Amino acid sequence: MRHFFIAITITIAMLGLSMAASAAEGELDALRGNVPLLEERTPEPLYPVENQDLRRARAYPMQPPTIPHKIDNYQVDLNANRCMSCHSRQQVEQSQAPMVSVTHYMDRDGNFLAELSPRRYFCTQCHATQTTAPLAVENDFLDINEIMRGWPQSGNDQTTDSGDDH
Ligand code: HEC
Ligand code: HEC
């Protein structure tokens, strides 16, 4: 029994060693890119945040819209919420920003509050700015409209009977 455990320990140790070796050869494709672990890589450039003031399409109706403008140094903490200085109900006439939707004034029981709900106070929990960086990985997300149109052709195998009626 004891020999058995020793054998297992040695096997695990050897596995670990071989993994480290292959990583050192640069086969490890992690976030740091294909650079051997012991080498320092040239850092990626920092891409600018998109600031085009154009609202983007949402991938599905309940998606929190992405932020189309810069939010550098916008204070959101216990004392102030800079986002609400443009997006609150009272401010939109002056700012011409879209008002936070009514869900932002709802508590968890569905009651409408006079003020922003604490659940929606920290905007960047759900809303994110976008940069001009190229895609790190392919994105094959299909909008529901594309799926209903049966595109791409090969991906249409799962159509149900009721689906055929449309
Ligand atoms: C100075 C006013 C101002 C401030 C401050 C501001 N916004 Fe905006 N925001 C706008 C305007 C105006 C738009 C409409 C698109 C545009 O012109 O950029 C907008 C658009 C948006 C949208 C897109 C809405 C949609 O339907 O697509 C989101 C999300 C958003 N802002 C979130 C935020 C968040 C989060 C903050 C704080 C970190 C913030 N905004 C601060 C003015 C502001
Ligand atoms: C817990 C997630 C969450 C937080 C926090 C949150 N939002 Fe949203 N927001 C959403 C979702 C989801 C939607 C789209 C569906 C809806 O309206 O509820 C949305 C929609 C919006 C819209 C578009 C409204 C419209 O009618 O087109 C704006 C503008 C916005 N949010 C701004 C903000 C701002 C500013 C804050 C911070 C004060 C904030 N949100 C905090 C989830 C969130």
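**Group meeting: two ligands and a helical chain**

Let's start with ligand 1. If you sort the residues of its shell by class, you get eleven nonpolar, seven polar and three charged. One thing to keep in mind from here on: this is a predicted model.

So who sits around that ligand? The shell holds 21 residues, and the ones that come nearest are Pro-65, Cys-83, Cys-86, Ala-97 and Cys-123. Which helix gives the most to this shell? That's α2, residues 84-87, with three residues.

Now over to ligand 2. Here, too, we have 21 residues around the ligand, with Pro-64, Ser-101, Thr-103, Cys-123 and Cys-126 as the closest. Their classes come out as twelve nonpolar, seven polar and two charged. If you were listening for names, you'll have caught Cys-123 twice: it is listed among the nearest residues for ligand 1, and again among the closest for ligand 2.

Okay, let's zoom out to the whole chain. How many helices and strands does it have? Five helices and zero strands, so if you read from the N terminus you just get α-α-α-α-α. The chain has 166 residues, and 3% of them count as buried. As for contacts, take the ones between residues at least 6 apart in sequence: 36% of those join residues at least 24 apart.

How far can we trust all this? The average pLDDT of the chain is 81, and 72% of the residues score at least 70. Where is confidence highest, and where is it lowest? Helix α2 is at the top with 97, while helix α5, residues 161-164, is at the bottom with a mean of 42. That low helix falls in the stretch 155-166, where pLDDT stays under 50 and the model has two contacts beyond four places in sequence. Where pLDDT is low, the predicted coordinates should not be read in detail. Please don't squint at that end on your screen.

Next, some backbone oddities. Most residues other than glycine have a negative phi. Asn-73 is not a glycine, yet its phi is positive, about 65°. You'll find Asn-73 in the loop between α1, residues 2-24, and α2. Is Asn-73 buried or exposed? Exposed, because it has 6 C-beta neighbours inside 10 Å.

Gln-96 is another non-glycine with a positive phi, this one about 60°. Gln-96 belongs to the loop between α3, residues 92-95, and α4, residues 144-148. Gln-96 is exposed as well, because 8 other C-beta atoms lie within 10 Å.

Back to the loop between α1 and α2 for a moment, since Tyr-74 lies there too. Tyr-74 counts as partly exposed, because it has 16 C-beta neighbours inside 10 Å. Setting aside neighbours within four places in sequence, Tyr-74 touches Arg-82 and Cys-83. And Cys-83, remember, was one of the nearest residues to ligand 1.

Last stop: Thr-131, in the loop between α3 and α4. What does Thr-131 contact, beyond four places in sequence? Tyr-47, Pro-48, Val-49 and Glu-50. There's also Pro-68, which is 63 residues away from Thr-131 along the chain, with 9.8 Å between the two C-alpha atoms. Even with those contacts, Thr-131 counts as exposed, because it has 11 C-beta neighbours inside 10 Å and the cut-off for exposed is 12 or fewer.

That's my tour, thanks for listening!

Note on methods: Residues numbered from 1 in each chain as written. Chains lettered and ligands numbered in written order. Predicted model: local features only at pLDDT ≥ 70, side-chain atom pairs only at ≥ 80, totals over all residues. Near = placed C-beta within 6 Å. Helix = DSSP H or I, 4+ residues; strand = E, 2+ residues; numbered from the N terminus. Nonpolar A, V, L, I, M, F, W, Y, C, P; charged D, E, K, R; others polar. Buried ≥ 20, exposed ≤ 12 C-beta atoms within 10 Å, placed from the backbone. Contact = placed C-beta atoms within 7 Å. pLDDT = per-residue confidence, 0-100.
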